[in-house]
Amino acid sequence: MNDMRHAKSLIFIGSNPPEAHPVSMQHILHAKEKNNAPIIVVDPRRTKLAAKADEYVRIRPGTDAAFMLGLINVIVAKGWEDKEFIRTRVSGYEEMLEVAKKYTPEEVEDITGIPAEQTYKVAEMLAKNRPTSLTWCMGGTQHTIGSSITRTFCILQLVLGNMGKSGGGTNIFRGHDNVQGATDMCILSHSLPAYYGLSDGAWKHWCRVWDVDYDWMVGRFKSKEWMNKKGFTLSRWFDGVLEGEDKIHNGGTSVKALIQWGCGSNSNSRFHDVKKAYNKLDLLVVVDPFPTSAAALCETDNVYILPAASQYETQGSVSSSSRQIQWRYKVVEPVYDSKDDYDIMKEFVTRLGFADQYYKNIKQVPEDITRELGSGSLTIGYNGQTPERIKKHMENWHTFDIDTLQAKGGACDGEYYGMPWPCWTEEHPGTPILYDISKPVNEGGLPFRNRFGDVATYAMSGRVENQLAAKGTCNPRSVVQGGYSEFKEVVPGTNWKTDLSQKTIKEALSKGMAPFGNARARCIVWTFPDQIPIHREPLHSPRPDIVERYPTYKDKADHYRVDTRYESEQAKNNDIVKNFPYTLTTGRQVEHMGAGAETRSNKYLCELQPEMYAEINPKLANDLGIRDGGMVTVESPEGGKIKCKALVTERVDETTIFLPYHFAGSWEGESYADQYPEGNEPWAVGDSGNVITNYGYDIITQIQATKDGLCKISKA
Ligand SMILES: Nc1nc2c(c(=O)[nH]1)N[C@H]1C(S)=C(S)[C@@H](COP(=O)(O)OP(=O)(O)OC[C@H]3O[C@@H](n4cnc5c(=O)[nH]c(N)nc54)[C@H](O)[C@@H]3O)O[C@H]1N2
Ligand SMILES: Nc1nc2c(c(=O)[nH]1)N[C@H]1C(S)=C(S)[C@@H](COP(=O)(O)OP(=O)(O)OC[C@H]3O[C@@H](n4cnc5c(=O)[nH]c(N)nc54)[C@H](O)[C@@H]3O)O[C@H]1N2
Ligand SMILES: [Mo]
């Protein structure tokens with residue numbers, strides 16, 4: 001984040017840091033004030049960040065891929081692309097360009113609503129102010145094509161040659177405290193820690209790390225098939241409860257029990273379906289410092305609330321958005337009956353009868369947990385950051401330079417704060433900027449990773465292309481002067497990812513090379529439905545004519561154990577748009593967090609932001625007879641309905657409604673605060689925005705499409 005201070009221009013796409021990442025603003029405004037870096041904001045709403053922008057680009061929700069491809073098209077037509085970077089470090093460029101050429105600024109205007117002149121203007125601002133720091137957040141991801149949209153952001157930065165450079169890069173501001181750490185540990189249903197996946201090889205690797213017998217592990221599953229199969233995602237667990245037993249891909253059974261561990265519940269889209277599912281469960285366990293809306297909404301008796309301690313009452317390692325690892329120290333002992341998450345986990349593990357295996361390497365909690373994870377998380381270089389080193393950084397944080405992150409003198413001399421991963425060995429200083437070939441690998445430099453072989457043949461063109469970086473393109477002091485494959489077989493039968501002795505990693509570093517090879521960044525992903533990212537209209541769109549030209553995907557069966565509708569849902573659009581003509585989008589307020597269980601339990605924050613509202617443009621409000629502060633009803637195509645206040649504002653355009661998603665505690669205007677355990681009802685209650693968010697999930701990640709959809713609004 002601090003490296004944004006070196007940017008010469010900054011573009012924010014679907015990211016609103018004054019609300020969601022206020023601390024980052026010091027770096028952003030530093031670039032603006034000290035470097036004269038123009039700020040470009042791409043958002044359907046004129047946000048607080050847009051107020052600081054040199055160029056505000058109003059975009060129709062869900063159409064960012066078209067805008068990015070349009071920018072690439074203009075940049076290349078003007079000859080502004082970084083030809084040397086593309087020649088030496090990019091693959092699949094020609095094929096990508098063929099696709100981008102279809103997105104002329106006029107076509108982009110039709111799809112996105114962005115005037116063609118503005119696409120030219122932004123392209124020129126980016127080309128003439130390099131490097132650009134590109135930031136995206138949830139406005140870029142929460143769409144059916146979110147995984148394609150984010151790829152177009154990366155490709156734009158490749159075309160401009162802004163990757164691996166100080167002041168450049170793709171900077172994704174993360175979500176919760178330690179969500180980068182949670183992601184790295186793969187608290188996800190499709191991978192073991194550190195992105196190893198679910199293959200037999202991945203299980204065998206982690207069984208070796210945990211020092212448990214692989215066959216014992218297999219025996220924990222109904223059958224081996226379930227070890228290798230993706231689980232449910234958080235966004236769809238309730239469909240596993242509601243769908244017919246034969247329909248779901250879950251061993252012939254619906255979901256019977258649910259543990260929500262640090263999950264705010266009304267963060268799920270289609271929340272009215274979530275409510276139905278709570279009441280069909282045999283067992284619901286909520287592990288949280290607050291009861292959450294789940295505990296209040298569930299009308300059955302089988303709900304257990306386990307009071308978790310907060311992060312001030314525990315300690316351990318956490319990872320920030322910048323891949324830095326920090327140690328968090330305990331401030332107070334857990335209060336009242338609460339226990340920290342480690343102790344709650346221990347109670348479960350002990351009663352379930354596998355404490356011996358679970359704690360084999362763990363004598364000292366949490367230091368040994370950090371050590372064990374590090375010893376196995378070789379893929380991303382989490383092995384050099386020992387608890388001792390992390391604590392040393394915390395004690396000496398004042399010796400690190402804010403511009404470079406590097407310590408000048410003292411106990412951490414030359415190291416980067418928090419040892420951003422990859423930190424390949426206990427001597428390695430950490431990697432402050434990914435893919436930076438200006439520095440030696442031993443000093444925090446890095447090439448692009450080689451992951452899918454050395455040569456590829458592209459289906460769309462039949463062209464064969466070397467996937468390794470060009471001759472002469474490598475980090476200083478690399479023994480191989482150019483691209484190279486990943487390191488294998490230094491210890492027979494292993495590779496750099498599975499060699500627990502870490503000899504392979506050390507061998508690579510001794511040669512000044514990266515264990516994962518030196519390759520090109522790819523514009524083509526041959527395992528994705530869109531090998532090159534393209535625009536596809538949201539399932540529910542205000543523009544049926546664009547649906548015809550840019551239709552969605554085919555329906556996808558067994559997508560994380562549930563069937564997911566794409567074309568069959570979009571087929572209903574012509575009817576839906578007649579009754580639900582307004583575009584819906586959702587997001588955050590600085591005063592509240594996520595589903596709001598914590599912040600709506602805080603008197604002072606509730607005084608600042610006490611009520612649920614819908615943002616509506618003055619013209620639309622006037623046409624519909626809606627007044628600022630008056631009550632409105634908002635309805636979704638799937639039967640969801642909420643009541644809240646109207647916030648009449650130019651922030652949104654005449655066809656868009658914005659809802660914050662932090663509220664719960666009332667349903668169609670009726671409070672259910674009395675259903676919280678006594679004394680635990682929140683200070684602020686309101687209808688949940690997620691009752692209105694529409695059906696729709698990303699084709700790869702299954703993230704919920706909470707940033708586009710349709711709705712109806714009327715005076716209540
Ligand atoms: N105070 C506070 N801070 C938080 C959080 C919180 O709840 N409260 N949550 C944390 C979490 S978990 C996360 S993930 C981050 C999220 O941080 P952000 O993603 O920055 O927050 P959002 O408000 O969800 O969305 C950002 C912007 O995307 C815009 N947007 C909506 N649709 C589109 C679209 O189709 N295209 C484009 N270009 N923009 C669009 C919205 O208008 C909004 O201004 O914030 C983190 N920080
Ligand atoms: N409409 C709409 N919906 C969205 C989004 C959107 O932009 N629009 N954004 C989505 C995104 S990006 C996210 S990340 C999700 C967030 O959704 P959730 O993950 O549900 O968000 P939070 O409300 O922050 O939930 C965190 C819970 O953890 C509890 N907690 C805090 N500290 C601890 C602890 O130490 N231990 C335990 N056990 N619990 C603790 C808190 O009390 C809180 O109840 O929402 C998603 N939903
Ligand atoms: Mo998030």
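How many bridges join strand S1 to strand S5, and do the two strands run parallel or antiparallel? To find out, select residues 9-13, which make up strand S1, together with residues 132-136, which make up strand S5. In this predicted model, five bridges join the two strands, and they run parallel. As you look at the pair, it may help to remember that strands of a sheet pair through backbone hydrogen bonds, either parallel or antiparallel. For a single example of a bridge, pick Ser 9 and then look for its partner in S5, which is Thr 132.

Next, widen the selection to the sheet around this pair, an open sheet of five strands in the order S3-S2-S1-S5-S6, with parallel pairing. Its edges are strand S3, at residues 55-57, and strand S6, at residues 170-172, each of which pairs on one side only. If you follow the sheet across, the twist averages 20° from one strand to the next. Now add residues 146-159, which form helix H9; this helix lies across S1, S5 and S6, and it runs at about 175° to S5.

From there, move along the chain to another open sheet, in which three strands stand in the order S7-S8-S9, again with pairing that is parallel. Select 257-261 for strand S7 and 303-307 for strand S9, since these are the edge strands, each pairing on one side only. In this sheet the twist averages 10° from one strand to the next. Strand S8, at residues 283-288, is joined to S7 by five bridges, and the two run parallel. Zoom in on Ile 259, and you will find Val 285 of S8 standing opposite. To complete this view, show residues 341-352, which are helix H16, lying across S7, S8 and S9 and running at about 160° to S7.

The last stop is a space inside the model, where three cavities of 30 Å³ or more are found. The largest cavity has a volume of about 80 Å³, and 14 residues line it, of which Thr 292, Ala 597, Arg 600, Tyr 676 and Pro 682 are the closest to its centre. Sorted by class, its lining has six nonpolar residues, seven polar residues and one charged residue.

Where does this largest cavity lie? Colour domain 2 (179-320 + 325-384) and domain 3 (577-715) separately, and notice that both give residues to the lining, so the cavity lies between them.

Key
Residues numbered from 1 in each chain as written. Chains lettered and ligands numbered in written order. Predicted model: local features only at pLDDT ≥ 70, side-chain atom pairs only at ≥ 80, totals over all residues. Heavy atoms only, no water. 1 Å grid on protein atoms, 1.4 Å probe; cavity = no way out; pocket = protein on both sides within 12 Å on 5 of 7 lines; lining within 4 Å. Points joined across faces, edges and corners; volume = space filled by probe spheres on them. Nonpolar A, V, L, I, M, F, W, Y, C, P; charged D, E, K, R; others polar. Domains from an automatic or database assignment. Pairing = 2+ DSSP bridges. Helix = DSSP H or I, 4+ residues; strand = E, 2+ residues; numbered from the N terminus. Axes fitted to C-alpha atoms, helices over the stretch in contact; angles between N-to-C directions. Contact = heavy atoms within 4.5 Å.
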